[in-house]
Amino acid sequence: MYEQNVNNINFDVEQLETASGQSLYYIAWSIFRQHGFFEQFNIPEPIFLRWLKKVQHGYRGTNPYHNAVHASDVTHSMHFFVTRARIWSVLTPEEKLASIIAPIIHDYMHPGVNNAFLITTRDALTMRYNDLSVLENFHCASVLEFTQEEQYNLFVNMTVDQRKLVREMVISMVLATDMAAHFEWIGKFKNKMSGSGFNFENKADRKIMLNMAIKCADVNNPTKPLEQSKRWTELIMEEFFRQGDIERSRGIPISMFMNRETTDIPKCQIGFIDFIAQPLFDAWYSFMQEDIQILMDNIKGNKNYWKNKSEKVSFGPIKPTPSSTESLSNTAKASALAIPPGSNIQTSVSTQQITNTKSSDSLAR
Ligand SMILES: [Zn+2]
């Protein structure tokens, strides 16, 4: 089933999950076979499959969103991006391998709550990683640690240099998925595009490109066809609301967009598209061009859907005003977007402004 869809960016990985119960396993295995990674790096297939099962089982099935199906989806999208000729032709074999390993493992053992929550509750992981990209460090280090064990060692027959290169790139990509550095990465990418341009002879430039690719694969929900996009939205919002429920029960401030009683989902989605997804994909489009035209069209369609929904909602009964904690003029990107409070991120428009603009639009009709 997957082999025929490997190059279809609109492929619905949830269908494969429903049919197989282990979409990550099939997608990753299929991609490894397709590119001949087993032969090229002399990876013993039984070791790889054991490793892959362990990674898949490490994802929590009880998380509505951050589970193995999300990893499948990100792996599928990432594979689509990196195998476009403009990228694939400039990557080294080690980078090709790393670009597939990174999305497979990028949310391994995700606890279903974000970095900000772990920091607020002084979780043991924040002590281990000094509050810095706590989850991303955890996902990556955990997998790389067990990969050293003989039974899971994919790298067993690689040279020291090959291992070092793969490891360096995998770590860089997984850490790049920390939303706290979202705008930093967009900035770096845009500087390259508008400045002297990318020099793909240069490893640092290839790294920026791959980090941008995995970021786009990771926040691809608004680039999906509407029905898929709505489904992913439902799942991420439910995971946020569960975090909000825990925060409520512990008597700590409920994070923005995580209060199931007051969060306006259409407005949250519009904010997410305007301030997170659109700038990211606009920058990516400046490089990928027609390769991702379909994704740009989908974002537009999805935004219109949420806009219409938001306008309809505004004619309904008056909703309770969000609590003071939620109405702080945090930026939309700091929203569900899992950015720790206090992250040094600037945007020109606050979520509150979006809300205000939206409300005045509605009133004018
Ligand atoms: Zn992810």
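Reader: Which hand does the crossing of α11 and α13 have?

Author: The crossing of α11 and α13 is right-handed, a word used if the near helix is turned clockwise from the far one by less than a right angle, while an anticlockwise turn counts as left-handed. This is a predicted model, in which local features need pLDDT of at least 70, side-chain atom pairs count only at pLDDT 80 or more, and totals for chains, interfaces and linings use all residues. Residues are numbered from 1 along each chain as its sequence is written.

Reader: Why are α11 and α13 called oblique to each other?

Author: Helix α11 (residues 160-176) and helix α13 (residues 203-218) pack at an angle of about 45°. Angles under 35 degrees count as roughly parallel, over 145 as roughly antiparallel, 65 to 115 as roughly perpendicular and the rest as oblique, and α11 and α13 are therefore oblique.

Reader: Which residues of α11 and α13 make the contact?

Author: M169, S172, M173 and A176 of α11 meet K207, L210, N211, I214 and K215 of α13, where residues are in contact if their C-beta atoms, placed from the backbone, lie within 7 Å.

Reader: What makes α7 oblique to α11?

Author: The axes of helix α7 (residues 93-105) and α11 cross at roughly 45° and come within 8 Å, and that angle makes α7 oblique to α11. The crossing of α7 and α11 is right-handed, and among the residues that make the contact are L97, A98 and I101 of α7 and L165, V166 and M169 of α11.

Methods
Axes fitted to C-alpha atoms, helices over the stretch in contact; angles between N-to-C directions. Helix = DSSP H or I, 4+ residues; strand = E, 2+ residues; numbered from the N terminus. Contact = placed C-beta atoms within 7 Å.
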